[in-house]
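Let's take a walk through this structure together. The report below goes from a single residue to its wider surroundings.

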Amino acid sequence: MKVLAIESTCDETAAAVVESFGGGVRVISNVVASSVEMQKKYGGIVPEVAAREQIKSIIPVITEAIKGEEIDAVAVSYGPGLMGSLLIGVETAKVLAWAWKKPLLKVNHMAAHVMANWIVGEKTQELKNSRTQDIENFYDIPHLPAVGLVVSGGHTDLILLESLLKWTWIGGTRDDAAGEAFDKTARLLGLPYPGGPEVDKAASKVTEEEWNLNKNKFKLPRPLLHDPGLEMSFSGIKAAVARMVENRSQILDNSSQMTVVSYTNLVAREFSEAVTEVLVKKTMAAVEKFKPKDVILAGGVAANKMLRELLKVAVENAGLKFYVPELKYCGDNAAMVGAAAILRPEGSELDLRPEPSLGVV
Ligand code: KG4
Ligand code: ZN
């Protein structure tokens with residue numbers, strides 16, 4: 001079955017054609033148009049601008065994704081997200097399903113982020129085509145039960161996936177999402193929108209030598225780190241970054257070699273360390289509690305270098321397997337929407353309405 005999947009929850013307009021492949025899905029086409037350059041001018045998302053850009057891009061993006069493929073069903077993200085943006089994808093999907101007389105499948109955008117881990121990579125497909133003996137290994141998809149950490153601009157959740165369909169929320173942030181904290185920290189540091197990738201880049205410019213020399217001057221809190229529960233909090237770290245930035249001139253005056261750029265990089269490094277430490281600790285606490293087979297990382301912040309590396313090490317040290325999507329499937333895309341539609345199908349009538357505040361489970 002080939003599914004056309006549509007994604008328009010925020011500032012990306014995306015369409016993909018995917019089909020099932022072993023226990024996962026294979027991507028036939030994956031097209032993403034982003035209005036991020038436009039949002040940069042405003043230093044953040046303006047919902048009205050995002051929605052208008054969605055209208056411009058949706059038909060060209062779908063046309064490019066389909067490229068003559070026969071489609072068996074149409075899937076669309078119907079929430080969470082911005083109402084204006086969601087409407088464009090949802091209405092387009094409804095019209096296509098109606099015109100083509102094909103089933104309409106509705107997809108929760110956060111569940112789609114998780115299901116990006118079931119996208120079978122090109123390498124796996126090559127192995128399958130070469131008829132390798134090791135069947136178990138070439139479908140490199142998560143084994144359940146698994147603990148999932150979902151980190152995006154609006155959500156930070158820990159979930160237990162007992163089966164493809166049975167998911168339970170087991171913890172998460174009580175205030176800001178991790179991605180939101182990255183974006184706000186970037187803004188405080190004068191880095192452009194979207195902030196997450198910029199903070200990531202700045203942090204990775206700090207050499208180990210520079211870090212060891214300066215790290216005691218850059219201490220941020222790790223909220224709830226020693227709390228036994230699976231609750232997290234990121235608003236305090238962000239507030240501490242604001243205080244740190246206010247004292248910038250004092251640190252710069254006291255350190256002759258430090259430039260504004262190296263100061264920014266060091267704050268970005270400490271901020272990334274603090275957020276990653278909390279995320280890794282809470283995920284491993286969930287592992288301890290629920291004894292899963294695997295750990296899955298997903299969402300836009302799953303692109304973060306330090307988080308990918310340190311969580312992988314922690315998970316593998318505990319003897320479990322770690323899964324994270326390829327970078328192109330971490331941020332918003334439609335291939336993940338197709339993966340969710342195929343592996344957790346949810347049919348919908350043609351009166352589907354967006355649900356801007358849908359939760360991950
Ligand atoms: O999942 P996503 O693309 O959209 C939502 O569903 O929210 O996540 C976007 C978030 C933004 O906050 C962005 O700054 C953050 O993911 N992000 C990153 C990185 N790449 C994107 N945060 C940290 N490091 C990154 N490399
Ligand atoms: Zn997203």
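## Serine 77, helix α14 and the zinc site

Serine 77 is part of strand β4, which covers residues 73–79. Please keep in mind that the model is predicted. With a relative accessible area of 0%, serine 77 is buried, a term used for values under 20%. Its side chain makes a polar contact with the side chain of glutamate 7 at 2.7 Å. Leaving aside residues up to four places away in sequence, serine 77 also touches, among others, Ile6, Thr9, Leu86, Val90, His109 and Val337.

Two of these neighbours lead onward. Val337 is one of the buried residues of α14, a list that runs from Ala335 to Leu343 and includes Met336, Gly338 and Ile342. Nine of the nine residues of this helix are buried, so α14 is largely enclosed by the rest of the structure. The cover over its buried residues includes β1 (2–7), β2 (12–21), β3 (24–34), β4, β5 (104–108) and α4.

His109, in turn, is a donor to the zinc ion (ligand 2). The protein donors lie 2.0 to 2.1 Å from the ion, and their spacing in sequence is H-x3-H-x218-D.

| Donor residue | Donor atom |
|---|---|
| His109 | NE2 |
| His113 | NE2 |
| Asp332 | OD |

Histidine 113 sits in helix α4 (residues 109–115) and aspartate 332 in the loop between β11 (321–323) and α14 (335–343), so this pair ties together parts that are 219 residues apart in sequence. Are histidine 113 and aspartate 332 buried or exposed? Both are buried.

Key
Residues numbered from 1 in each chain as written. Chains lettered and ligands numbered in written order. Predicted model: local features only at pLDDT ≥ 70, side-chain atom pairs only at ≥ 80, totals over all residues. Heavy atoms only, no water. Donors = N, O, S within 2.8 Å, 3.2 Å for Na, K, Ca; no water. Helix = DSSP H or I, 4+ residues; strand = E, 2+ residues; numbered from the N terminus. Buried < 20%, exposed > 50% of the residue type's maximum accessible area, 1.4 Å probe, protein only. Polar contact = N/O pair within 3.5 Å; in protein donor to acceptor, adjacent residues only side chain to side chain. Contact = heavy atoms within 4.5 Å.
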